[in-house]
Amino acid sequence: MTRLDAQSTPSTTAPDAFASSLAGLVPPTNASQGFLRVARYFHDCFAADARGGILKDVFEQTDYRVFATGNETLLTASETRMGIPVKTGIEVHNAAEINRREKYLIYGSVFLVGKGQARGKNAGERFCAPLLYYPARVELEGSQSYVTVALDEQHVNFPLLSTFIDAESDEQAQAYAEAILSQVPAPPFADDALRELASLVGELLPDLDTEALRAFPTLMSEEELRAAMGGPMRLVCASAMLLAARPTEAKGVLTELQILGQTGDTSTPLAAIFDDKALSAAERNGDPSKDTEPIFAAAELSLAQQTVVRHGRTRPLTLVIGPPGTGKSFTTAQLVLDAVARGQTVLITSKMNKAVDVVIEKLQPHLGSQTFILRGGDRSHREEMRGWLNGLLTNTGPQGMPQAARPGEVAMLEDRLRTADDEMDRLSREISAVLDLELTWTGTNMDLGKFDTPNYAREAAAAIGPDEILRRYEEARKLGENTAPLVGWAMQRRGQNQMTALCNELDIAEESRERIPLIAERERARLQWLATTRALEGHGDLNALFTGYARARDDRGRLVAELLAVRRRDALAQALRTDRRALTAFQTALNAKSDAAQDAIFREMDFRALLRTFPIWAVTNQHVAEFLPLVREMFDLVIIDEASQCDIASALPLLYRGHHTVVCGDPKQLRHLSFLREDRLRAIATQHGLTAIEREQWNYRTNSLLDAVNQALPTQDDVILLDEHYRSMPQIIEFSNRQFYGGSLRIMSKRPDTIGLRSVELKKVPNGKRRKEGYNVEEVDAILKEIERIAKAEGKRDARSKTSIGILSPYRDQVNYLNKQLAAKLKPRTLQDHQVAVGTAHTFQGDERDVMLLSFVVDPTSHRATITFLNQENLFNVAVTRARQRQVIFTSLDIKGLPSEHLLTLYLQYAADLLEEEEEAEQAARDGFVGELAEALRDQGYTTYFDYPVAGFQIPLVASHRNATIAIECDGVPPTNPLPDGIDPVARQAILERAGWQVHRLPYRRWVEDRAGCLTEIASMLGTDEE
């Protein structure tokens, strides 16, 4: 896996169209006028929105600042590191570690400083922010601390620059920006390095004074910068280490929206949203139910997960709803494996780096060493990519020289895979047959006990047979009732003799002859019982059959991985034979000294050859344009994760690149954030002639990509809910399951050994008070004590086994105060060993920790509006569902003072009620097979539970002893709760096993035949007190 440089910018148009000007492009045949207009609208919305989130003022927008003084030494490479006060170094190092998701440490230089002109578009606005920035790191060495800078990772604050470009058109603004960026020198800088940049900027932006750049490498001080903020706008020589919010990279998205707005060209997924009439019949009517090809997954998939894969194959657009902890990343990984195993290419994207990384983590164990995931978004794995490519091209890498598949090797693996599928089908059918037979056996066995027959000679009855007994009985009875003249008496005598003979053969008294039909019926039932018993003897034991099925399923997963590895190895060998120049060009681009040189190489590259070599690409939404051309349907499948946080505008180029698209998200979690003012949005909509319906449908501020897809889908079948929750302990997820998901989630983590565990704890903070600055000191102190308690209790553990800790507060002021206190008061080792992370719900979207500490900040005197802020369903849902094992709630409130229907009231009451719950009581005795078995197990000292709810099912009997628990499926008796549609017993057991249950099948027949043996089997699984 690798990450490409976030500033690596290949062509944003198709290679063969790159030389064409935008004005000269002719709308393709599949151009949509409606989409063209909407694309232009979204371009302008995104452009206006991007300017709202840029770094403009380091004094307002950064937490820590250390300004360089004297002459610039790091960017000129006269020194490799800059000394800073050790106390500052420790605090900055800790703060950067805690906030690595939201913020990062940069070294900024060439500051734009001043006050916007009175009549300009930035009128009265103050600026003080770097135009250039580089990733930085704090190094702690004893009593010294230093800042080091990655000079080869130069970034340009393009949103800041674009704020001052006043052009007549978007095309002109883009041209100005490209011209300026082309003159940005690459470090290390010579003393005159900034002069050409100063001249060009001064020519294109005359209102911006650039004379001060000629003073380089002499730097302005912090005091001089502060004073300059009240003067005219200018570029100056200044440098500082800053802990800043990660910037939004808007440049590539804007360029691609501009292209789509010029052409109106749509892909299949875009047409499904904006103009489904443009879809062909095959595209519109793709039917997943007709897709009978096996799924190439490396693990057992639930019914919903299988549906996702089949829809991803056949439907232009699919929406996957993934509530917290329901295996969305796992499902995405299996979807990718299936596509790649079938020779397809996949683009994985998300607005959040974490979401992309988690999918890659799920994929890696199933990919061979010769399947490399191209990871775009930053340079953290660039060296890994260089090394991998160098090893590949020189035959010296750990992956070795890729060998083409041997003749027949792929066909042989495919045959083995088909054999595994056939074996699973055979075992599934046999399991179904045995379960039916066990049910039949129980029914006939019970029927045998219901017949009120006299004692009779059973061997004789069996020899005669039920049909013959009944025939002879009916014949004798009819003869005995004959009243015909002359012959009647003879017939009666004959009938009496036949009846006597039958009674003698059956060894019953003649006065019991009226019960002979019951004997015949009993014999008929006994024959069926014997036939069923013999049929069962011809099948395997149920536990052995289920074990065989699980083994075959695991073997199939390994075969899929092996087949994928062979196909990728063969494709890589083929690429080295036929596409080697594309690989060496890519390697050259990675080694390019500047972005401009890299751009030129990318424009000339054959990306189709790269896709054949690297079928899996993973990147954040905003960085796609920086290393992939805008080519219609260049990927077979595009997967967009966390879609509720993705604005529609930045998603359009992603949808354009895919033939099929699967969009994943959760409408009950956080929405995308927009800085765009409502009045500006209305003006843009009016400018582009959006109708009233379109203004609501495509509202940039309020509607996410998930909303757009949800509105466009023609059938509910294209919306798939992942309903198995694995992440959290039952108490942690149950509130959200009830409150936000209507109880639709199958809680896979519920087990008897979780009974009595307090996984949600409520800690009232005495005298806690929210200050006017927005933070609650008392809650922070309580949280620090809790972290110190955990760290002390786990002090002797290996770092890998220590509890990970997250601290979440809905309020940014509390988060900032927490950051400063943690950085100042906790040891760096504690923060690292426990992976301590601090943030708001937005920070933790898509993330999780073993323990979450929640600080709600507000106190009884807090303003009503402050408390109302907490009553947002999406924010609250994310906030309370990040913990795996334990959640601790710190509150300064009294529940009685809150509105009764407020979410915080309901949640605090829920947590308080949990404290009063007792362990589940032993259940009353029950009749029948399950009751007999439970009583026998309790007599041996085991604890039992009837109809134990887990994963949306009820297990007939659960038995536990010490730390061991098993689910006992009591086969042969009618189930109390029928299985849902689409779930058979094999699927049900697979679900229970995925939830971590050990399942034991016990048919009633075996219980009748060998009770002692059955109890011995269970004892061997649970253990005994004598062990």
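Which strands does helix 36 (residues 928-939) lie across? In this predicted model, helix 36 lies across strand 23, strand 24 (953-961), strand 25 and strand 26, and its direction makes an angle of about 135° with strand 23. Helix 37 (residues 985-994) likewise lies across strand 23, strand 24, strand 25 and strand 26, running at about 45° to strand 24. These four strands make up an open sheet in the order 23-24-25-26, and the pairing within this sheet is mixed. Strand 23 (943-950) and strand 26 (999-1003) are the edge strands, each of them pairing on one side only, and from one strand to the next the twist averages 35°. Strands of a sheet pair through backbone hydrogen bonds, and the pairing may be either parallel or antiparallel. Strand 25 (residues 964-971) and strand 26 are paired in the parallel sense, over five bridges, and A967 has V999 in strand 26 as its bridge partner.

The protein chain as a whole, to which this sheet belongs, contains 39 helices and 26 strands. The chain has 1027 residues, of which 56% count as buried, and its accessible surface comes to about 43,700 Å², with 48% of that area belonging to carbon and sulfur atoms. Among the contacts between residues at least 6 apart in sequence, 77% join residues that are at least 24 apart.

Parallel pairing is also found around strand 13 (residues 635-641), which is largely enclosed by the rest of the structure because six of its seven residues are buried. Strand 10 (residues 346-350) pairs with strand 13 in the parallel sense over five bridges, and in this pairing L347 stands opposite V638 of strand 13. Strand 13 is also paired with strand 14 (residues 658-665), again in the parallel sense and over five bridges, with I640 standing opposite V663 in strand 14. Between strand 13 and strand 14 the chain passes through helix 24 (residues 648-656), and the resulting β-α-β crossover is right-handed.

Antiparallel pairing is illustrated by strand 6 (residues 144-149), a mostly covered strand in which five of the six residues are buried. Strand 6 is joined to strand 3 (residues 82-84) by three bridges, with the two strands running antiparallel, and M82 stands opposite V147 in strand 6. Strand 5 (residues 126-141) also pairs with strand 6 in the antiparallel sense, over six bridges, and the bridge partner of E139 in strand 6 is Y146. Strand 5 and strand 6 form a hairpin in which two residues lie between the strands, and G142 in the turn has a positive phi of about 60°.

A further site concerns a single residue, H834, which is located in the loop between helix 31 (828-833) and strand 20 (837-839). The relative accessible area of H834 is 1%, and H834 therefore counts as buried, since the cut-off for a buried residue is under 20%. When neighbours within four places in sequence are left aside, H834 is in contact with I790, A791, E794, K802, T803, S804 and I805. One of these residues, T803, offers its backbone oxygen, which the side chain of H834 reaches at 2.7 Å.

How values were computed: Residues are numbered from 1 along each chain as its sequence is written. This is a predicted model: local features need pLDDT of at least 70, side-chain atom pairs count only at pLDDT 80 or more; totals for chains, interfaces and linings use all residues. Side-chain values use heavy atoms; hydrogens and water are left out. Two strands pair if DSSP finds at least two bridges between them. Axes are lines fitted to C-alpha atoms, for helices over the stretch in contact, and angles run from 0 to 180 degrees between N-to-C directions. Contact means heavy atoms within 4.5 Å. Buried means under 20% relative accessible area, exposed over 50%, partly exposed in between (1.4 Å probe, protein chains only). A polar contact is a pair of N or O atoms within 3.5 Å; within protein, one must be able to donate a hydrogen and the other to accept it, and residues adjacent in sequence count only if both atoms are side-chain atoms. Accessible areas come from the Shrake-Rupley method with a 1.4 Å probe; for residues, only the protein chains shown count as cover. A crossover is right-handed if, with the strands pointing away from the viewer, the path from the first strand over the helix to the second runs clockwise.
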